[in-house]
Amino acid sequence: MFASMNLREAEKAVVASLQEIYDRSEATNIASLAIEHVTGLPRREQVIRTDVTFTAEQESILNKVIERLQRHEPIQYIMNKAWFYGLELYVNPDVLIPRPETEELVDWVIKDVRMRGLDVFDKKPDEADETTRLKIMDVCTGSGCIALALKQIMPRAEVWGCDISDAALNIARRNGSELDIRVDFQFVNFLDPAQQKHLPTVDIIVSNPPYVPKKDQSSMRQNVLLHEPHLALFVDDNDPLVFYRALAAFGEKRLHNNGTIYVEIHENLGNAVQQVFEKEGYEVEIRKDMQGKERMIKATKY
């Protein structure tokens, strides 16, 4: 199918093969990633080197990639690679694929810390191991994307991540090791108060917890529903706020005064999540994402 095709022709063919699954913009982005996976050429070089042609072996690999894409498998799982806040992460179906909306949550945390004037952003040679100025906990860490991004930007903060999935924690630890970013990843069932006792007292809690009611499965895209881990996505229909209540209660015990909780939320549950935190005495701010949807909350403890 792709014998003697150059990169531009191959991209058009991949896009055409995905036209019934993705819109053109997303299909074009996937095609570029698929071609990078097969040829090793990043997007910027694909634009310049359009005359590069596929070998027979590359043609075979690309055909197999297309077959997987047509079964709605995310390109990130095919590549075992995703990008988050400038970091290249290993991913597989044991962890969620990091989303741009979650980058916005991380950005909110970083900007607030900068406004507080905390000296955590520069790792000074004579203070390389000083990590006591700010303590951060990432709950439901998954691939470790939030925790690793925060530690990368704030090397003098002390950062933990916890999750109930051993498989996810193995990936988070792998990412930390490959990126040479030191985060303490711990196995914890956060909904079990007894296990919460193993976690530290911190200044900031960040979480992108499961928050999609199971009844919403019918409206979800197949690439998410068929391939991403349901444990990290869904909550029972009769208790969609379970993680936010647990976070609010945990913060009452293990969050320093003036500490803050930052969470990602379901776009239709902003007011309900706000009430959970306000009931526990937090001051709450809701923020919209780049699509104008209510997707983030900051809850401050005084």
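Helices here are DSSP runs of at least four residues, numbered from the N terminus. With that settled, let's start in helix H2, residues 24-39, where Glu36 lies. One caution before going on: this is a predicted model.

Glu36 is an odd one. Glu36 is buried, yet has no salt bridge. Which side chain of opposite charge is nearest to Glu36? That is Lys81, 4.4 Å away. A salt bridge needs the nitrogen within 4 Å of a carboxyl oxygen, so this pair does not count. Lys81 is still in contact with Glu36. Beyond close sequence neighbours, the other contacts of Glu36 are Leu41, Pro42, Arg43, Gln46 and Trp83.

Now the sheet. Seven strands form an open sheet, and the pairing is mixed. The order reads E5-E4-E3-E6-E9-E11-E10. Which strands stand at the edges? They are E5, residues 184-187, and E10. Each has a single partner strand, so one side of each is left without a neighbour in the sheet. From one strand to the next, the twist averages 20°.

Look at one pairing in detail. E3, residues 135-139, and E4, residues 158-163, run parallel. Five bridges join them. Among these partners, Lys135 goes with Glu158 in E4. Helix H8, residues 166-179, lies across E4 and E5. H8 runs at about 170° to E5.

On to charges. Side chains of opposite charge can pair when their charged atoms come close. How many salt bridges does the structure hold? The count is 17. I'll take three of them.

First example: Arg156 with Asp119, at 2.9 Å, N to O. This pair links distant parts of the chain, 37 residues apart. Arg156 sits in the loop between helix H7 (145-153) and E4. Asp119 sits in the loop between helix H6 (100-115) and E3. Are the two partners buried or exposed? Arg156 counts as buried because its relative accessibility is 0%. Asp119 is at 29%, so it counts as partly exposed.

Second example: Arg174 with Glu178, at 3.0 Å, N to O. This one stays inside helix H8. The two residues are four apart, so about one helical turn separates them. Arg174 is partly exposed, at 36% relative accessibility. Glu178 is exposed, with a relative accessible area of 55%.

Third example: Glu285 with Lys298, at 3.9 Å, N to O. Glu285 lies in E10 and Lys298 in E11, residues 294-300. So the pair ties together parts that are 13 residues apart in sequence. Glu285 is partly exposed, at 31%, while Lys298 counts as buried, at 16%. The pair also belongs to a network. Salt bridges that share partners join Glu285 and Lys298 with Asp112 and Arg287.

Last stop: Tyr282. This residue is in the loop between helix H13 (270-279) and strand E10 (283-288). Tyr282 is buried because its relative accessible area is 4%. What is it in contact with, leaving aside neighbours within four places in sequence? The list includes Leu247, Ala248, Gly251, Glu252 and Leu255. Ile261, Phe277, Ala299, Thr300 and Lys301 are also in contact with Tyr282. Ala248 deserves a second look. Its backbone oxygen lies 2.7 Å from a polar atom of the Tyr282 side chain. For a sense of span, take Val47: C-alpha to C-alpha, Tyr282 and Val47 are 50 Å apart, and 235 residues separate them in sequence.

Terms used. Residues numbered from 1 in each chain as written. Predicted model: local features only at pLDDT ≥ 70, side-chain atom pairs only at ≥ 80, totals over all residues. Heavy atoms only, no water. Buried < 20%, exposed > 50% of the residue type's maximum accessible area, 1.4 Å probe, protein only. Contact = heavy atoms within 4.5 Å. Polar contact = N/O pair within 3.5 Å; in protein donor to acceptor, adjacent residues only side chain to side chain. Lys, Arg positive; Asp, Glu negative; His and termini not counted. Pairing = 2+ DSSP bridges. Axes fitted to C-alpha atoms, helices over the stretch in contact; angles between N-to-C directions.
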